[in-house]
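Trainee: Before we discuss any labels, could I see the model, so that each term can be set against the value behind it?

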Amino acid sequence: MDDVGRTTRLKRVQRTALALLVISGVVSYVDRATLSIASPMIREDLGLSIGEMGLLLSAFLWAYALSQIPTGALVDRLGARRLLALGLAVWSGAQMLGGLVSGFGAFFFARLLLGVGEAPQFPTGSRVVRDWFNLRHRGAATGIFISASTLGTALAAPLLTTFMGWFGWRGMFLIMGVFGFAIALLWYGLYRNPAEIALSAAEDHYLSEGDPTSAGGSVTLHQWRRLFSFGTTWGMILGSFGGIYVIWIFTAWLPTYLEMERHYSIKQTGWAAAIPFFCGVLGSLSGGWVADRLQRGGLSPVDARRYPVAVAMVGMALCVVLAAESQDRTAAIAFISATLFLSYVAIANQWSMVTVVAPKNATGSLGAIQNFGGYIGGALAPTVTGFIVQGAGSFAPALWVGAGITLTGGLAYFILARAPIEADLAADIRQAQSSAPGQPHAPMLSVDGR
């Protein structure tokens with residue numbers, strides 16, 4: 001294998017695409033945090049109860065999770081350029097609406113709309129990596145764009161509190177909305193799908209070298225449904241559920257945990273809570289690099305990602321337990337930081353797995369299905385954790401539950417996510433013809449070696 005076809009033009013397209021994915025991903029995660037950062041001021045201004053604030057906080061997560069299902073297929077049918085631009089516009093409009101609302105109902109709608117608008121972000125990223133990077137370079141590229149999620153979380157508190165101090169909470173929402181619209185214009189103006197560029201034979205060879213033969217054209221409804229018949233798909237769903245569940249324990253509750261359980265002051269909490277998420281950035285970048293190194297060392301593309309995911313998730317479970325049982329608050333921060341580092345090693349490899357197991361015409365679909373599973377876990381984690389802490393008076397039991405869920409997800413991923421999902425159209429056509437001669441059938445998907 002060589003990189004002869006990785007021309008200067010392709011490198012420019014790759015750098016531009018990754019830069020824009022990172023910027024839009026950071027904006028996505030900062031936008032998610034606006035409500036929690038401004039929660040005390042919003043409650044006072046709008047006269048909302050704690051229960052109503054809880055509903056507002058969960059509205060985004062459920063809308064985001066459920067929107068993954070149609071979004072993946074739309075990415076594959078419409079292309080990354082149009083769908084991410086549309087998503088950016090929708091979620092930025094939702095942010096601006098959040099700055100103009102006068103009551104609970106309108107705010108709830110704005111948070112639902114934010115979840116719908118943000119749904120294309122990461123399925124689009126997996127499709128972009130699949131479209132513009134050779135198989136042996138997709139791990140690092142995936143790690144780079146996934147790093148935006150934890151980088152955005154780490155930057156959210158200092159950035160948003162600054163905006164809120166200068167312009168108030170409504171101004172903060174409006175500014176983020178304007179910024180998102182600007183990124184939408186940049187993405188649509190600068191990014192191109194492969195079909196929109198006349199690729200040379202060498203460039204086309206570089207992009208497809210090493211990929212299994214897979215279905216072309218737009219993904220069909222029948223193909224999309226068939227994705228759920230494979231063990232690999234269910235391993236990816238369960239693995240993502242286990243990983244993102246723990247991430248959202250800390251995303252939703254880390255400041256409260258540090259103040260209540262570890263007795264940090266409010267001032268100390270701001271910086272202490274940022275450290276684990278900066279470690280997550282390192283984990284994301286490291287995870288992608290590890291996958292590429294293991295593949296170049298001789299592992300199959302699937303195993304080069306499956307092994308790091310399983311090892312990282314077992315490590316996450318151990319670190320969560322150590323954080324729960326540690327008597328020293330500095331050690332607890334260290335174990336939580338290790339948890340976030342390992343969680344993003346796992347997530348980078350989970351998203352990279354999408355680019356090597358999915359048929360090319362279903363890359364966004366499979367990525368979105370995986371993310372759907374993850375964000376069901378993400379939506380449940382804050383609520384389940386809150387009830388456990390309320391009943392036990394401590395975060396330790398909630399962290400033990402999170403560790404168990406993560407360990408289960410990691411084992412499921414290792415056992416089930418073992419083979420690529422490929423499209424063998426000739427075999428499918430023969431099967432369709434033998435079952436119903438003379439009747440046209442949509443192409444189906446099959447697992448290599450099943």
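Mentor: Bear in mind that this is a predicted model. We can begin with Cys279, which has a relative accessible area of 21%.

Trainee: What makes Cys279 partly exposed?

Mentor: A residue is buried under 20% and exposed over 50%, and because the 21% of Cys279 lies in between, Cys279 is called partly exposed.

Trainee: Is Cys319 then buried or exposed?

Mentor: Cys319 has a relative accessible area of 12%, which is under the 20% cut-off, so Cys319 is called buried.

Trainee: How many disulfides does the structure hold, and what would make a pair of cysteines count as one?

Mentor: The structure holds zero disulfides. A pair counts if its sulfur atoms are within 2.5 Å, so the count of zero says that no pair of cysteine sulfur atoms meets that cut-off.

Trainee: Why is the reach of helix H12, residues 303-325, called close to the expected one?

Mentor: H12 has 23 residues, and at 1.5 Å a residue the expected span is 33 Å, while the distance from its first C-alpha to its last is also 33 Å; the two values therefore agree as stated.

Trainee: What makes H12 mostly covered?

Mentor: Of the 23 residues of H12, 17 are buried, which means that each of those 17 has under 20% relative accessible area.

Trainee: How many cavities of 30 Å³ or more does a search of the whole structure find, and what lines the largest cavity?

Mentor: The search finds one, and about 130 Å³ of space lies in the largest cavity. Its lining has 14 residues, and Tyr29, Ser149, Ile244, Ile347 and Tyr375 are the closest to its centre. H10 (231-260) gives the largest share of that lining, four residues, and by class the lining has 11 nonpolar, three polar and no charged residues.

Trainee: Why is a space called a cavity in one case and a pocket in the other?

Mentor: A cavity is space where a 1.4 Å probe fits but cannot get out, whereas a pocket is an open set. The largest pocket has a volume of about 1,800 Å³ and is lined by 48 residues, with Ser36, Leu57, Thr251, Ala252 and Thr256 nearest its centre. By class, this lining divides into 30 nonpolar, 14 polar and four charged residues.

Trainee: Which helices supply at least two residues each to the lining of the largest pocket?

Mentor: Among them are H1 (8-37), H7 and H10. The axes of H1 and H7 come within 4 Å and cross at roughly 35°, and their contact has 32 nonpolar, nine polar and one charged residues.

Technical notes:
Residues are numbered from 1 along each chain as its sequence is written. This is a predicted model: local features need pLDDT of at least 70, side-chain atom pairs count only at pLDDT 80 or more; totals for chains, interfaces and linings use all residues. Side-chain values use heavy atoms; hydrogens and water are left out. Buried means under 20% relative accessible area, exposed over 50%, partly exposed in between (1.4 Å probe, protein chains only). On a 1 Å grid over the protein atoms alone, a cavity is a set of points where a 1.4 Å probe fits but cannot get out, and a pocket is an open set with protein on both sides within 12 Å along at least five of seven lines; lining residues have an atom within 4 Å of a point. Grid points are joined across faces, edges and corners, and a volume is the space filled by probe spheres set on the points. Ala, Val, Leu, Ile, Met, Phe, Trp, Tyr, Cys and Pro count as nonpolar, Asp, Glu, Lys and Arg as charged, and the others, Gly among them, as polar. Axes are lines fitted to C-alpha atoms, for helices over the stretch in contact, and angles run from 0 to 180 degrees between N-to-C directions.
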